[in-house]
Amino acid sequence: MRILVLNPGSSSLKASVVEEPGDRSVAISERDWDADATDGARSDSVATAIEAVSSGGTVDAVGYRVAHGGSRYATATRIDDGVLTAIRELDALAPLHNLVAAQVIDVARTLLPELPHVACFDTAFHADLPEVSHRYPLPESWYRDWGVRRYGFHGLSVAWSVERTAALLGRDQGDLQLVVAHLGSGCSATAVAAGRSVSTTMGMTPLEGLMMGTRAGSIDPGILLHALRRGMSEQEVERAISHQSGLLGISGRSPSATDLEVEASRGDARSALALRMFIARASAAIAATASSLDRLDALVFTGGIGYGSALIRRGICERLAVLGVPVTPASREEADAVLARAGGMAVLCVAPREDLVIARQVLASV
């Protein structure tokens, strides 16, 4: 089968065609959303992306990355009108992601009405998080009546990273205990034991956890109450913590770690501070997440920053050296690799390939 994979993120749309079985990528394309402020413009982007990757031949099915499946969707699911409605209804829990995914699905179903369409959920990998990890210390009624719990995200990326790590280390997934640090526009750390998620930093929504490109990550909730009492509206607070914080908020320049590394090298103090804060907060989250494991066999970096920034990887490993994590080289890797080893622990970088995981799930669903 030739499977069209559409991966709508908070900042871009990635499109690819994958032949399954075999994990063979026929074409890959990526388009930023930055100029797409309206549904009409986004529709044009989706159509252009589909044309860019599928012009070389027909496709047999379409798979999508959808950030939030709530408690309802724990496996890949064939999309009908009811499923699409449910994805839209979960937008409140993933406001930068689910509505965008629904828009992309709507356009692609219109353009390719004869094909099966399958939603693959980032939360599904974390569906079996132990209760000690998925519960919040909040009133029981919030959990029982409102479904307030940790769902976790980046599951498709984590699943691929675990598979690649096992292959690179020559070990069985069932024998590995590791932390996957997915660092990109969105960031998370996930502890995985024997192929299962046991702890993760993103929570009920993708706003919790590490400092991100434009998202604040975990902050004192009293700050939000303070902002509301100072007269900010709910919408203004949401915009501030989702779109104006993180690397962008501290640097005042860019949400891109690559841009900030350049600015910091030129002496820009705010860019340098943003990077130091990012490294410090990521390190603390990784250390906390690792405490859910019996041992740490590997720390795996993935995502655009995790895979692409040797400076940030090295900075994190230097801070985690107190826990026995080996320090990685300052040079950039051009392929998946074991970067360092010490005392039975390895540090790796793995290029994100959610498209391959999605293609496999689509193959199993149609």
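**Cavity, sheet and buried residues in a predicted model**

Biologist: How many cavities of 30 Å³ or more does the count come to?
Modeller: The structure shown is a predicted model. Rolling a probe the size of a water molecule over the atoms shows where empty space is left. With 30 Å³ or more as the rule, the count of cavities comes to 1.

Biologist: What is the volume of the largest cavity?
Modeller: The residues that line the largest cavity include Ala-94, Pro-95, Leu-96 and His-97. Pro-206, Leu-207, Arg-215 and Ser-242 line it as well. The volume of this largest cavity is about 30 Å³.

Biologist: Which strands are the edge strands of the open sheet of 6 strands?
Modeller: The pairing in this open sheet is mixed, and the order is S9-S8-S7-S10-S12-S11. An edge strand here pairs on one side only, and this holds for S9 (196-200) and S11 (337-342). Neighbouring strands are turned against each other by 20 degrees on average, direction ignored. The edge strands are therefore, by the pairing of strands, S9 and S11.

Biologist: In which sense do S11 and S12 pair?
Modeller: Strands of a sheet pair through backbone hydrogen bonds, either parallel or antiparallel. S12 covers residues 345-349 and is joined to S11 over 5 bridges. One bridge has Ala-337 with Cys-349 of S12 as its partner. The sense of the pairing between S11 and S12 is antiparallel.

Biologist: Which helix packs on the sheet?
Modeller: The helix in question spans residues 269-290 and touches S7 (177-183), S8 (187-193), S9 and S10 (298-302). Its direction makes about 20 degrees with that of S8. The helix is H11.

Biologist: What distance does helix H3 reach from its first C-alpha to its last?
Modeller: H3 runs over residues 98-111 and has 14 residues. Among its buried residues are Asn-98, Val-100, Gln-103 and Ile-105. At 1.5 Å a residue, 20 Å is expected, and the helix comes close to this with a reach of 20 Å.

Biologist: Is Thr-123 buried or exposed?
Modeller: Thr-123 lies in the loop between S6 (117-121) and H4 (131-134). Leaving aside residues up to four places away in sequence, it touches Ala-67, His-68, Gly-69, Gly-70, Tyr-73, Tyr-151, Gly-152 and Phe-153. Its relative accessibility is 4%, and the cut-off is under 20%, so Thr-123 counts as buried.

Biologist: How far apart in space are Ser-133 and Thr-289, C-alpha to C-alpha?
Modeller: Ser-133 lies in helix H4 and is buried, with a relative accessible area of 14%. Beyond four places in sequence, Ser-133 touches Arg-150, Val-198 and Ser-199. Ser-133 and Thr-289 are 156 residues apart in sequence, while their C-alpha to C-alpha separation is 10 Å.

Technical notes
Residues numbered from 1 in each chain as written. Predicted model: local features only at pLDDT ≥ 70, side-chain atom pairs only at ≥ 80, totals over all residues. Heavy atoms only, no water. Helix = DSSP H or I, 4+ residues; strand = E, 2+ residues; numbered from the N terminus. Expected span 1.5 Å × (residues − 1). Buried < 20%, exposed > 50% of the residue type's maximum accessible area, 1.4 Å probe, protein only. Pairing = 2+ DSSP bridges. Axes fitted to C-alpha atoms, helices over the stretch in contact; angles between N-to-C directions. Contact = heavy atoms within 4.5 Å. 1 Å grid on protein atoms, 1.4 Å probe; cavity = no way out; pocket = protein on both sides within 12 Å on 5 of 7 lines; lining within 4 Å. Points joined across faces, edges and corners; volume = space filled by probe spheres on them.
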